[in-house]
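Here's a quick tour for anyone meeting this structure for the first time. Have a look at the sequence and the model, then read on.

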Amino acid sequence: MAHAAEDTISPPAAPAHQAPPALSRKQLTGIIGALALGAFVMILNETVLTVALPSIMADYGVSAAAGQWLTTGFLLTMAVVIPLTGYLLQRYTLRGLFVFALCSFLVGTVLAIIAPSFGVLLAARVIQAVGTAIVMPLLMNTTLTLVPFQHRGMVMGLNSIVISVGPAIGPTVSGVIVNSLSWHWIFGLMTPLVVIILVLGIIFIKVPSATRRLPVDVFSVILSALAFGGLVYALSTIGGALENPTVPLVSGVIGVAALALFITRQVRLTRTDRELLNLRPFKNRTFTLSVVMIMIAMGTLLGTVVILPIFLQNGSGLSTMTIGMMLLPGGLVQIAVGPIFGRVFDRHGPRPVLIPGALMLALGQWLFTTIHPGTELGLIVAFHTIFCIGLAMLMTGLLSAALSGVPQQLYGHGSAIFNTGQQLGGAIGTTIFVTVMSAVAAAETGAGSALVDGLFHGAHFAFIVGGILATIAVLCAPFIKGPQRG
């Protein structure tokens, strides 16, 4: 992270209320390491129940619609809390927020282990989501604030592993655990890891930082919850719109209306420095394009991770373990190449990373459209690996470049917007992929086709949509500018 001759690392100049002292390499590694490890476990937790859901439904005697709330409730909580982090990062210290986030996640994890009913398990997931929502912007903001410019790309490359590999290997991890033990052990094995990370954070995160006592605009908090919660809920229920269009339609209208009011109010409150979320980062073209591209990247990632197991398991009859192992090489490749692309970014800027990354992401999606029931598993693994390399390049470049032209005092707000975009992108992508695949499969099986053909044709059209979205990212990539040195 630094040259051997350097004894200390001086962070970039910060505003008066956020001026950390020079940090040794050991201190900086400890801080970023604790945050990254915490974020990895929490992001892994986002998709870890996808494979375990049938077992949970059987144990508690709940329907698939009810069981899906373990994911929907998690995403809803994330969507409500993340926009508040721009305020929280100014109001509370780094150490205080980290301890609160890890303790919240730990309480939720322990509660999930002993949950006597489905309602308690759902509450546990919501408590977990609160901690997750805080840690992701905290990791990004801390990296931008404390890591020197010349090393930022490499560190963001490591951070990209946290964001993209966690959701990708979540089903693999849970598949192994559920096949060998029971779904309770998913949370049981997670608990000691969280305790260790919490202790590491308490030991290493010692950065004195002044905070500002800012007033909370309660109406903005309510509008934020209605806006982002309404939009995510509408997206998560749109799959059942044919049977009951009222719920997604009403929640979508509420979400859009609340979002319009929220934006209007934040613009007005910014004039008096009382905003909950400062929207001025959107004035920077690189930031705006980065948000669009991260939404596409997360949408295609989660959409792909969700539908691949569905049509391979139900269509080809592959076991959960086999599918999990098929997805693993792509995740391992991301872990290997993320820091490498980070160094390329540090030396040459974003375009040598983002342009080929967007091209490989799009190539991976278009290659997925060629999959049919007779496709060899090795080819599917190769397609997924190409997609994952592109994802690793995109994540590294976007995390590093997104806030490069944004004033440092707006890093917290920019991080909150960026991470909100990730969650919305993931929710939109999952909804589009699943809805398109399900609609086509239902139509074809209703017309007399075999289930396997319907699923594969549905996946074909879903990946066409993914390919179109990824191609939009290709068009955006050349317009991302590099950070200004100095």
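## The overall picture

Of the contacts in the protein chain with a separation of 6 or more, 82% are between residues 24 or more positions apart. Keep in mind that this is a predicted model. The protein chain contains 17 helices and two strands.

For 486 residues, a compact globule would have a radius of gyration near 23 Å, and the protein chain agrees with that at 22 Å. Along the principal axes, its C-alpha atoms fill a box of roughly 70 × 45 × 45 Å. The accessible surface comes to about 18700 Å², and 70% of that belongs to carbon and sulfur atoms.

## What's tucked inside

Buried residues account for 55% of the 486 in the protein chain. The largest nonpolar core has 140 residues, and Leu121, Trp183, Ile186, Phe311 and Leu312 are those with the most contacts inside it. Helix 12 (residues 285-316) gives the most to this core, chipping in 15 residues.

## Helix 2 and its two sides

Now for helix 2, which covers residues 53-60 and has Leu53, Ile56 and Tyr60 buried. Look down the axis of helix 2 and its buried residues fall within an arc of 60°, so they line one face of the helix. On the face turned away from that buried side you'll find the exposed residues Pro54, Ala58 and Asp59. Right after helix 2 comes Gly61, with a positive phi near 65°.

## Rings that pair up

How many aromatic pairs does a search of the whole structure find? It turns up nine. Take Tyr60 and Phe118: their ring centres are 6.3 Å apart and their planes sit at 70°, so the pair is edge-to-face. Tyr60 belongs to helix 2 and Phe118 to helix 7 (residues 118-146), so the pair ties together parts 58 residues apart in sequence. Both Tyr60 and Phe118 are buried.

Phe433 and Phe463 make another pair, with ring centres 5.8 Å apart and planes at 85°, so this one is edge-to-face. Phe433 is in helix 16 (residues 411-446) and Phe463 in helix 17, so to speak distant parts of the chain, 30 residues apart. Phe433 counts as buried at 1% relative accessibility, and Phe463 is buried at 0%. Ring pairs also link these two with Phe368, Phe383 and Phe387 into a cluster.

## A stop on helix 17

Leu469 has its place in helix 17 (residues 451-476). With 26% relative accessibility, Leu469 counts as partly exposed. Its C-alpha atom is separated by 9.8 Å from that of Met295, although the two residues are 174 apart along the chain.

Definitions and conventions: Residues numbered from 1 in each chain as written. Predicted model: local features only at pLDDT ≥ 70, side-chain atom pairs only at ≥ 80, totals over all residues. Heavy atoms only, no water. Buried < 20%, exposed > 50% of the residue type's maximum accessible area, 1.4 Å probe, protein only. Helix = DSSP H or I, 4+ residues; strand = E, 2+ residues; numbered from the N terminus. Arc of directions from axis to C-beta. Core = buried A, V, L, I, M, F, W, Y, C linked by side-chain atoms within 4.5 Å. Rg over C-alpha atoms; globule rule 2.2 N^0.38 Å. Contact = heavy atoms within 4.5 Å. Areas by Shrake-Rupley, 256 points an atom, 1.4 Å probe, with all protein chains shown as cover. Phe/Tyr/Trp six-rings, centres within 6.5 Å; stacked < 30°, edge-to-face > 60°.
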